[in-house]
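Hi,

Here's the structure I said I'd pass on. Have a look at it first, and then my notes below should be easy to follow.

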Amino acid sequence: TGRACVNRVITDLAVIDVTADGFTLRETAPGVTPQEVADNTGAPLTIPADVGEMQLPAAVA
């Protein structure tokens, strides 16, 4: 991946924004804690106080 090409990463665990300051956690998957995301992320991760939970479509949930 080239530099400055990605501004959001969506995985099975979380939604993470790529900012000028690094990675910022925005949402976690249902049942996943912010700490679990941090433990499974290979880079420093900022965890704001207002992290939300992903809202999955009814067909997926």
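Start with Ala29: setting aside neighbours within four places in sequence, Ala29 touches Asp12, Leu13, Ala14, Glu53 and Met54. Keep in mind that this is a predicted model.

Ala29, Ala14 and Met54 also turn up together in the largest nonpolar core, which has nine residues in all. The others in that core are Val15, Ile16, Leu25, Val32, Val37 and Leu45. Strand β2 (residues 14-19) gives the largest share of the core, with three residues.

β2 is worth following from there, as it has a partner strand in both β1 and β3. With β1 (residues 8-10), β2 pairs antiparallel over three bridges, and the two make a hairpin with three residues between them. With β3 (residues 22-28), β2 is again antiparallel, this time through six bridges, and that hairpin has two residues between its strands. Ile16 shows up in both pairings: Val9 has Ile16 as its bridge partner in β2, and Ile16 in turn has Leu25 as its bridge partner in β3.

Leu25 leads on to Pro48. Where does Pro48 sit? You'll find Pro48 in the loop between β4 (45-46) and β5 (52-53). Leaving out neighbours within four places in sequence, Pro48 is in contact with Thr24, Leu25 and Arg26. Pro48 counts as partly exposed because its relative accessible area is 21%, and the cut-off for buried is under 20%. Pro34 is 14 residues from Pro48 in sequence, and their C-alpha atoms are 9.5 Å apart.

Cheers

Notes: Residues numbered from 1 in each chain as written. Predicted model: local features only at pLDDT ≥ 70, side-chain atom pairs only at ≥ 80, totals over all residues. Heavy atoms only, no water. Core = buried A, V, L, I, M, F, W, Y, C linked by side-chain atoms within 4.5 Å. Buried < 20%, exposed > 50% of the residue type's maximum accessible area, 1.4 Å probe, protein only. Helix = DSSP H or I, 4+ residues; strand = E, 2+ residues; numbered from the N terminus. Contact = heavy atoms within 4.5 Å. Pairing = 2+ DSSP bridges.
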